[in-house]
Amino acid sequence: MKKILLLGLALAPVALLASEGGETDYDIVQRTVNFIIFAGILWYLLADKIKALFADRTASIQAELDKVEDTLKASQDKVEDAAKKLEEAKTLAAEIVEGAKTDIDSVKQKVAEAVDVEIANLNKGFDERIKVETSKAKRQIVSEILDELLSSDNVSLTQEELANIVLKKVA
């Protein structure tokens, strides 16, 4: 307020001296003084409200800026957490893959062993089956020959000859 008064007083003589030219009917001095008085009154009445308005506006802008900074920080924290979780997931996936490979190798080994055992059992069973079938065939042949020999009346053989014939047929 004091500055405006001092400015008005400082400009008043300039305005008064500038109007000394001729007789012109300009009321510039009065208008300037009125304007200075009007501006001073406005300043006196509105200065505190304008300062408060600008202070409130500055505070609200600062609050919005703080809110945005907090949101940005929260977003950055979420990004960092997501990156950590991604790394943990990659590590877990690698561990799962390694575990699966180990399990696959173990299962392959067990299956190979089971197949080998099954093949050995099948070979053993096949050999035993051959022996059984061979002995069955021998018995059947011997039975057929004996039935043939015994059923025919025209052949008279001794026990020893009969045994030799059977041995020849079987061999």
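These legends accompany close-up views of a predicted model.

**View 1. Confidence along the chain.** Let's start with how far the predictor trusts its own model: the mean pLDDT of the chain is 84, and 80% of the residues reach 70 or more. Confidence is highest in helix H2, with a mean of 91, and lowest in helix H1 (residues 2–18), with a mean of 64.

**View 2. A nonpolar patch on the surface.** Here Val-33, Phe-35, Ile-37, Phe-38, Ile-41, Leu-42, Tyr-44, Leu-45, Leu-46, Ile-50 and Phe-54 come together as a surface patch, and their accessible area adds up to about 1,100 Å². Take Leu-46 as a guide: this residue belongs to helix H2 (residues 28–151). Its relative accessibility is 36%, so Leu-46 counts as partly exposed.

**View 3. The Asp-27 and Arg-31 pair.** The structure has five salt bridges, and one of them joins the side chains of Asp-27 and Arg-31 at 3.2 Å, N to O. Arg-31 is exposed, at 57% relative accessible area, while Asp-27 is partly exposed, at 35%.

**View 4. Glu-64 meets Lys-67.** This salt bridge spans 3.8 Å, N to O. The two residues sit three apart in helix H2, so about one helical turn separates Glu-64 from Lys-67. Glu-64 is partly exposed, with 45% relative accessible area.

**View 5. A network of salt bridges.** Look here for Arg-129, Glu-133 and Lys-136, which are linked by salt bridges into a network. Between Glu-133 and Lys-136, the closest N and O atoms lie 3.9 Å apart. About one helical turn of H2 separates these two, because they are three residues apart. Both are partly exposed: Lys-136 has a relative accessible area of 45%, and Glu-133 has 34%.

Notes
Residues numbered from 1 in each chain as written. Heavy atoms only, no water. Patch = residues over 30% accessible without salt bridge, like charges linked within 9 Å, V, L, I, M, F, W, Y side chains within 5 Å. Areas by Shrake-Rupley, 256 points an atom, 1.4 Å probe, with all protein chains shown as cover. Salt bridge = Lys/Arg side-chain N within 4 Å of Asp/Glu carboxyl O. Helix = DSSP H or I, 4+ residues; strand = E, 2+ residues; numbered from the N terminus. Buried < 20%, exposed > 50% of the residue type's maximum accessible area, 1.4 Å probe, protein only. pLDDT = per-residue confidence, 0-100.
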